[in-house]
Amino acid sequence: MLHGIVIRNTGSHYIVRTDDGRSVPCKVKGNFRLKGIRSTNPVAVGDGVTLNMAAESETAFICGIDDRRNYIIRKASNLSKQSHILAANIDQALLVATVARPETSTTFIDRFLASAEAYRVPVVLALNKDDELQSEDERATRDYWVALYSGIGYPCHVISAITGKGLDELGEALQGKTTLLAGNSGVGKSTLLNHFVPEANARTAEISEAHGTGMHTTTFSELYELPDGGALIDVPGIKGFGTFDMEREEVAHYFRDIFALSRDCRFNNCTHTHEPGCAVLEAIEGMRLAPSRYASYLSMLEDKDEGKYRAAY
């Protein structure tokens, strides 16, 4: 038996870095499933696993998985009732966003933050392509995002992966930690990865001029060790982030600003949509809560109609 960490997941096979430093190709036995998690990928990058080497073969079989410290998942793109595990045993997530070319929606940012809160994963925001901001409106949006999200408690870095602006400070935030690198396609994740891990040689792609959106360049998840300690886990660009594995009543708990306000609501089970004495609605009227945050909260509540929540106990 061998033990190691999954460093690559292509969907059909895995690469495991064993405790003695080898990289071993692996497969998962057909009957291997994780109890309690309905997932399209029962084993994820970052998982600690036990291997059984097949006789006279260079391929090993994963026969056991360590207890996870945490993980972060999204709704699977092909099966509405299942999840896709992005990564396991991570110290934080780095969410890369862009104000323009392509534009990252605040709804996407807020959904990612809420999902990370649900799985107790700290998030650092990196606003990339600062060198490309042309208009006063774009720069004002950047400043507003920094004020909004840093005010809620999420560290924000304004960076340019092309010019190097802000990358030294961001590198310090990554050092010694295992970080999930996430964001929409086209926001510059591959360029950032190549900066921090030059040997990764991740492919980059130009933004589609016709649609202003990114083209997928990462096709599988992989863990890259940082030269000064820590690691980056690169995952395919995410176009959407549907809610999964949370009760409808829990959604407000994962919006830090809304949860703090909700303590002053008249009713303990307030949904913050229509109830009298709702401190969240009062904060919206008094411009003490960002409308974009409240809109994102409502969009996650509406997911209930699409059956994306597990039933309440």
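**Figure 1. Overall view of the chain, with its contacts and secondary structure.** Of the contacts in the chain with a separation of 6 or more, 64% are accounted for by residues 24 or more positions apart, where contact means heavy atoms within 4.5 Å. This is a predicted model, in which local features need pLDDT of at least 70 and side-chain atom pairs count only at pLDDT 80 or more, while totals for chains, interfaces and linings use all residues. Residues are numbered from 1 along each chain as its sequence is written, and side-chain values use heavy atoms, with hydrogens and water left out. The chain has seven helices and 13 strands, these being DSSP runs numbered from the N terminus (helices H or I, at least four residues; strands E, at least two). Buried residues make up 50% of the 313 residues, with buried meaning under 20% relative accessible area, exposed over 50%, and partly exposed in between (1.4 Å probe, protein chains only).

**Figure 2. Close-up of the largest cavity and its lining.** A cavity is a set of points on a 1 Å grid over the protein atoms alone where a 1.4 Å probe fits but cannot get out, and lining residues have an atom within 4 Å of a point. Grid points are joined across faces, edges and corners, and a volume is the space filled by probe spheres set on the points. By this rule, one cavity of 30 Å³ or more is counted, and the largest cavity has a volume of about 40 Å³. Its lining consists of A97, T98, V99, L127, N128, K129, D130, L133, R142 and V158. Strand 8 (92–98) and strand 9 (123–128) are the elements that give two or more residues to this lining. The lining residues divide into five nonpolar, two polar and three charged, where Ala, Val, Leu, Ile, Met, Phe, Trp, Tyr, Cys and Pro count as nonpolar, Asp, Glu, Lys and Arg as charged, and the others, Gly among them, as polar.

**Figure 3. Close-up of helix 4 (residues 189–196) and its buried residues.** The buried residues of helix 4 are K189, S190, L192, L193 and F196. Seen down the axis of helix 4, these residues fall within an arc of 160 degrees, so they line one face of the helix; the arc is that of the directions from the helix axis to the C-beta atoms. They pack against strand 8, helix 3 (167–174), strand 11 (178–182), strand 12 (221–225) and strand 13 (231–234).

**Figure 4. Close-up of the cysteines C265 and C270.** The count of disulfides is zero, a disulfide being a pair of cysteine sulfur atoms within 2.5 Å. For C265 the closest cysteine sulfur, in C278, is 4.0 Å away, too far for a bond, and for C270 the closest, also in C278, is 3.7 Å away, again too far. C265 counts as buried at 9% relative accessibility, as does C270 at 11%.

**Figure 5. Close-up of backbone geometry at P102, H272 and M287.** Most residues other than glycine have a negative phi, and most peptide bonds are trans. A cis peptide bond, with omega about -5 degrees, joins R101 and P102, and P102 is placed in the loop between strand 8 and helix 1 (106–118). H272, in the loop between helix 5 (256–262) and helix 6 (279–285), has a positive phi near 65 degrees and is buried, with a relative accessible area of 3%. M287, in the loop between helix 6 and helix 7 (291–302), has a positive phi near 60 degrees but is exposed, with a relative accessible area of 76%.

Definitions and conventions:
On a 1 Å grid over the protein atoms alone, a cavity is a set of points where a 1.4 Å probe fits but cannot get out, and a pocket is an open set with protein on both sides within 12 Å along at least five of seven lines; lining residues have an atom within 4 Å of a point.
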